[in-house]
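Welcome, and please open the structure in your viewer. We will go from stop to stop, selecting a few residues each time.

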Amino acid sequence: MMNPKAPVMSTPATIKGSTLGRRTFLRGIGTAAIGLPFLDAMAPALFASTAPEAPVRMAFFYLPNGMIMDAWNPSYDGKFGELPRTLKPLEAYKDDFIQLGNLTHNTGRALLDGAGDHGRCSGSYLTGVQVKKSVVEIKASVSFDQLVANQIGSKTRFASLELGMDDARQAGDCDSGYSCAYTNNLAWRGETQPLPPTLDPRVVFERLFGAGQPMTPQERARQAKNRRSILDFVTEDTHKLEGSLGPSDRRKLDEYLSSIRDVESRIQRTESDNRQIDPHMDKPYGIPMDFAEHFKMMSDMITIAFQADLTRIVTFMVTREGSLRAYRELGISDGHHPLTHHRNQAELIEKVRKINEYHTRQFAGFIEKMKSTKEGDRSLLDNSMIVYGAGLQDGNLHLHEDLPTLMFGRGGNYFKTGRRIVSRRETPMCNLFLTMMDRMGVHMEHFGDSNGHLTGLDLG
Amino acid sequence: MPQFGRGKPAAGAFFDSDFRTIDNVLAVGLLHGLQGKGDCTFAIVTMSRPNLAVAGYLDAVERYYRGPAGNFAQVPPIGLCTEGSPGETSPAYVEPFQRKKPDGTPVYQNEVKSVNQTGDPTLLIRNYLQAQYDQNCFFILSGPATNLAAALDFPGLKELLAAKAKYLVIAGGAFPSGPAEAHIKADIPAFKKLLAQWPTPIFFSGNEVGAALEFPGASLDRDTVPVDHPIADAYRANQTMPYNAQSWAMTAALYGARPKEGYFKLSGRGQVSVDGEGRTAFSPAEKGNHQYLILDPAQKEKIILAYVELAITKPVPRRFGKAAAADDQEQQPPPKTVPPPKK
């Protein structure tokens, strides 16, 4: 969500005295406006002790259709030892996350509304309420990410970002009488106002580094014709800034701009590939056919957005509840959702395990990037809370307790990571949200169906 | 949980107890037996003392009756109060786990190794109440009022109780008067709070009712009692057999699930109060929300028969979809026009 209060390119790329403003943008002709990562020049060493604390960011990566739990939960609590199969790709980062057990979304259950667990579980995931069963009259509640965005969103260019990879339809019946608005959105600005995810990496890129809005087709065509990078438009500002930076900052800036260029190149390559596959394809042309490439583009842009403090809040619907995607890259031609109703057939269960593991592998790439991005004397990951989770536990049985939940990052040196923490059964997922809100500087006593904060996560 | 698309299910039963006496275990079995007859839908068991061994046993009982998780439902956790003293652990809760099958594996599996495998009673009450139709569940209290009083403090729960619950049946007190009773003495402030704030009618089954109705231990020798049954095994381990057990909790469970069966007479309406020693008193009041059960000697045999037939039964499989419809078809009354028998 674009922050209406945030000035676009209002802060000039100038160095105020000897300190560079945190919200400095590299501006260029046309539509470019590139935020900067945290540089030493923004907090001179002499004043390091008074340098502002790096902001805490939070993101949600939502996975649909539950998990095969025998490959998700280890047989122990406490400090991580051997990780179960689905988490194996995260082995290198096992000191950087907490696995949370027994968190429950009671509002995702049928209660008295009958079938439709997929629609309900994604609709209630961040809103914490039982959504209204309807295809036409949707009703949920303000999601907790948006409550935070309302409080702190004015500090960044975008109050929040909503991303996805699967389906952004907002109308129609996506699950037993539940509107697609429930299965396809995580963030809700109001009871009847979901914030649809952006699926096209090109659109995300242009929002992040352009004027805040996607380019017009004419502008895009003009830029493509000249084969120019968005970085070309800010060359003057870049040179000016580089001249005033120390070696360390120059290297950091160079790496940062290279990462933007890398994403942009991959988007351009995708567009070119897509045009070759079908010049008339009825699909946003920037969306890669390859799942892993799509995921990488989106997650790289999340890293950049966090790094440049363009936003502190991201929701990412990796694929939507009830997703029928066939993972042919894994040799699986059945749809994901039908596979999860495996009726305990070993062959089908194994296919779902492979899909779960594949998702985790993609996510591990994102964590690697977040961890390797330095911010002051910590990593960007250290200053974040990244939840990787699902709104259903067992996709075959449609269970809403012990929801698969990993939280990466230390929320700014707060969470004690590297362990599995199991709460009492039926502990509301909303308790975790209250704790996360606290870390984001938003203090509430109650959210959704919470009965308190989730305790025992901190270093104390 | 409601039965999808099949109208209002039988009333939900919420059972809260300290499980200090064997009648509470029998009452759990009785509620499952009543569920098998379609008289209630057993929602949850909550416990008002922090005894993990007892919680483990109750979890095994729930798994025995409900079977493994499946078809969009999981065996609900046992609600366990985490404050106070765990108290004594009767052999009834331990010995059943020592029984082995011929292959050496335990007959019953204890899945509760830590408090994390139990749930907070208030949360469970809230969550499972939300799954009930309006005015379609009842509560049984057979122990200190600790958990139910705590539930009254949870934001919004009193209103939810008023909307969903029909009544509360308490196995406790003595009516019209009598000595202080252990359940009440254990937490007098909680009991007072319950009397003052509980938002539904309350029926009391006083000490005198359960004391006069004994579950016959000899009934465990009947052929219909399964060889492996956690309630029967607990009963045998509880005390040297043969013995009969007074049935305080069972009276409350039976009235709760079958209030119109005429098992008990009812006092007029009034108000129950409790003094500082835990003694109850009943004051008639036209608009009072309280009544107490009165033992009807003519019904004694019928009540004992219900105990024997329902407290220790085989699990009735949960029925969903086509299986449920087929079962319902079988249970339809015969058509009114029956063809004449062949001569």
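## A tour in five stops

Begin by selecting chain B: of its 343 residues, 46% are buried. Keep in mind along the way that this is a predicted model. Switch to a cartoon view and you can look for the twelve helices and twelve strands of chain B. Now turn on contacts for chain B: among those with a separation of 6 or more, 84% are between residues 24 or more positions apart.

**Stop two: a strand with two neighbours.** Move to chain A and select residues 419–428, which form strand β18. How many of its ten residues are buried? Nine of them are, so the strand is mostly covered, a residue being buried when 20 or more other C-beta atoms lie within 10 Å of its own. Next, add residues 78–79 of chain A, strand β6, which pairs with β18(A) in the antiparallel sense over two bridges. Here A:Gly78 stands opposite A:Arg420. Then add residues 97–104 of chain A, strand β7; this strand runs parallel to β18(A), and six bridges join the two. Pick A:Leu100 and you will find its bridge partner in β18(A), A:Ile421.

**Stop three: the largest nonpolar core.** This core has 113 residues. To find the ones with the most contacts inside it, select A:Phe61, A:Tyr62, A:Met298, A:Met301, A:Ala305, A:Phe316 and A:Phe433. Helix α8 of chain A, residues 291–307, gives the largest share, nine residues. Where does this core lie with respect to domain 1 and domain 2 of chain A? Colour domain 1 (1–52 + 211–286) and domain 2 (57–199 + 312–460) separately: both give residues to the core, so it lies between them.

Zoom in on A:Tyr62 while you are here. Leaving out residues up to four places away in sequence, A:Tyr62 touches A:Tyr125, A:Leu186, A:Phe316, A:Met317, A:Val318, A:Gly389 and A:Gly391.

**Stop four: a second core.** Select B:Tyr57, B:Tyr167, B:Ala171 and B:Trp248, which are included in a separate core of 95 residues.

**Stop five: one tyrosine.** Return to chain A and select A:Tyr178, found in strand β10 (residues 178–179). Is A:Tyr178 buried or exposed? A:Tyr178 counts as buried because it has 28 C-beta neighbours inside 10 Å. Show what surrounds A:Tyr178: apart from residues up to four places away in sequence, it touches A:Gly116, A:Gly119, A:Arg120, A:Gly123, A:Lys133 and A:Thr183. Finally, draw a distance from A:Tyr178 to A:Ala115, 63 residues apart along the chain; their C-alpha atoms are separated by 9.3 Å.

Note on methods
Residues numbered from 1 in each chain as written. Chains lettered and ligands numbered in written order. Predicted model: local features only at pLDDT ≥ 70, side-chain atom pairs only at ≥ 80, totals over all residues. Buried ≥ 20, exposed ≤ 12 C-beta atoms within 10 Å, placed from the backbone. Helix = DSSP H or I, 4+ residues; strand = E, 2+ residues; numbered from the N terminus. Pairing = 2+ DSSP bridges. Core = buried A, V, L, I, M, F, W, Y, C linked by C-beta atoms within 7 Å. Domains from an automatic or database assignment. Contact = placed C-beta atoms within 7 Å.
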